[in-house]
Amino acid sequence: MTEQPARIAQTETLRIAYFEQGPANGWPVILSHGFPYDVHAFEQVAPILAGAGARVIVPYARGFGPTSFISANTMRNGQQAARGLDIIQLAEVLELNHPILAGFDWGGNASCVAAALWPERVGGLVSYAGYDIIDVDAQRNPVSASLERVFWYQHLFQSERGRKCLTAHRRELCRLLWHEWSPGWDFAEATFDRSAVSFDNPDFVDVVIHAYRWIFGLEEGDSALQTLEARLARKPPIAVAAVTIDGSTDPLKPGGTADHAGLFAGMHEHRLVAAGHNVPQQEPEQFADAIIKLRSWL
């Protein structure tokens, strides 16, 4: 997938770098990665989908890889409405007609946001994990001590010491999260290194730190996006057809997200996959199958 140079699509605020596979007239899919991953999470998913007739778009998220902000004055914003809007604007620039959105971690969150706010522009949704829209008010309250321990990186990022740690030790920190979030996944060092190059983006630290401070309600988002965030705070049902996935060994989602079913108003199927947090890279055939199944409904 990444043998050729990334293509660039310019939106209102970003030059989004992306890779494309499959026929130009194929049914469109946008695959969105999370933190701390990159487009390589889909390097086995994309050719399966392309072989099934899809036009597959795999973008680098804001703050990752070659994706860049157009203006030096633009807020390095990691909040969910900004990332969901990035997907919608990318689809518009590439003239994608009702693309299926599929993602995990930040990419699942952004895909859910886009599907919830702009259902008329989205063909369907594959989301890891469940209804992955952030409830900022709920984030102000503690969860179990064992889960707070898993969220150690989020607590670290609230301090300037955490910013310095991510700046100085980003690869070590991110490698640790890969191991912790996907127990039993024996990935090669070269696999991690291919993705870790994306963390050298000059905006990576600012976007990541803002994302987690905004989630905790400790930093403001972009005022221009407040109307969208207010709509998301009301937990709008996702009306488009959706397949949701849980990883059975993901420590970030103990117990899974099957109880989110009531937040999906359209056709919906929930799946449990024997994997950790990074399902597309651990079980690419199953992630691709969920997208192909969704396509069959449409």
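The legends below describe close-up views of a predicted model.

**View 1. The hairpin of strand 1 and strand 2.** Strand 1, residues 7–10, and strand 2, residues 14–21, run antiparallel and are joined by four bridges. The two strands form a hairpin, with three residues lying between them. To place the register in this view, I8 can be located in strand 1, where I8 stands opposite A17 of strand 2.

**View 2. Strand 7 and its parallel neighbour, strand 6.** Strand 6, which covers residues 100–104, pairs with strand 7 in the parallel sense over five bridges, and within this pairing I100 stands opposite G124. Five of the five residues of strand 7 are buried, so this strand is largely enclosed by the rest of the structure. The cover extends to both faces of the strand: G124, V126 and Y128 are buried on one side, while L125 and S127 are buried on the other.

**View 3. Helix 2 and the residue that follows.** Helix 2 comprises the 14 residues 80–93 and reaches 20 Å from its first C-alpha to its last, which is close to the 20 Å expected at 1.5 Å a residue. The helix is mostly covered, with 11 of its 14 residues buried; among them are the charged residues R83 and D86, as well as I87, I88 and L90. The charged end of R83 sits over the ring of W106, at 4.8 Å from the centre of that ring. Just after the helix, E95 adopts a positive phi of about 55°.

**View 4. The aromatic pair of F35 and F204.** A search of the whole structure finds 26 aromatic pairs, and the one shown here, between F35 and F204, is tilted, with 6.1 Å from centre to centre and 35° between the planes. F35 lies in the loop between strand 3 (27–32) and helix 1 (45–51), whereas F204 belongs to helix 10 (residues 204–215), so the pair ties together parts that are 169 residues apart in sequence. Both partners are withdrawn from the surface by the accessibility criterion, because F35 has a relative accessible area of 0% and is buried, and F204, at 0% relative accessibility, likewise counts as buried.

**View 5. The salt bridge between K235 and D135.** Among the 17 salt bridges that the structure holds, one joins the side chains of K235 and D135, at 3.4 Å from N to O. K235 is found in the loop between helix 11 (226–233) and strand 8 (242–247), and D135 in the loop between strand 7 (124–128) and helix 4 (136–139), so this pair ties together parts that are 100 residues apart in sequence. K235 counts as partly exposed at 41% relative accessibility, and D135 counts as partly exposed at 25%.

**View 6. Salt bridges between helix 7 and helix 10.** R213 forms a salt bridge with E160, in which the closest N and O atoms are 3.0 Å apart. This pair links distant parts of the chain, with R213 in helix 10 and E160 in helix 7 (residues 160–168), 53 residues apart. The two partners differ in their accessibility class, since R213 counts as buried at 7% relative accessibility, whereas E160 counts as partly exposed at 44%. A further salt bridge is made by the side chains of D206 and R163, at 2.8 Å from N to O; here too the pair links distant parts of the chain, D206 in helix 10 and R163 in helix 7, 43 residues apart. D206 counts as partly exposed at 35% relative accessibility, and R163 is partly exposed with a relative accessible area of 23%. Salt bridges that share partners join E160, R163, D206, R213 and E219 into one network.

**View 7. Cysteines without a disulfide.** A search of the whole structure finds zero disulfides. C165 is accordingly in no disulfide, and the nearest cysteine sulfur, which belongs to C174, is 9.7 Å away, whereas a disulfide would need the two sulfur atoms within 2.5 Å. C165 is partly exposed, with a relative accessible area of 23%. C112, by contrast, is buried, with a relative accessible area of 0%.

Methods. Residues are numbered from 1 along each chain as its sequence is written. This is a predicted model: local features need pLDDT of at least 70, side-chain atom pairs count only at pLDDT 80 or more; totals for chains, interfaces and linings use all residues. Side-chain values use heavy atoms; hydrogens and water are left out. Two strands pair if DSSP finds at least two bridges between them. Buried means under 20% relative accessible area, exposed over 50%, partly exposed in between (1.4 Å probe, protein chains only). The expected span of a helix is 1.5 Å times one less than its number of residues. Rings of Phe, Tyr and Trp (its six-membered ring) pair if their centres lie within 6.5 Å; planes under 30 degrees apart count as stacked, over 60 as edge-to-face and the rest as tilted. A charge sits over a ring if NZ of Lys or CZ of Arg is within 6 Å of the ring centre and within 35 degrees of the ring normal. A salt bridge is a side-chain nitrogen of Lys or Arg within 4 Å of a carboxyl oxygen of Asp or Glu.
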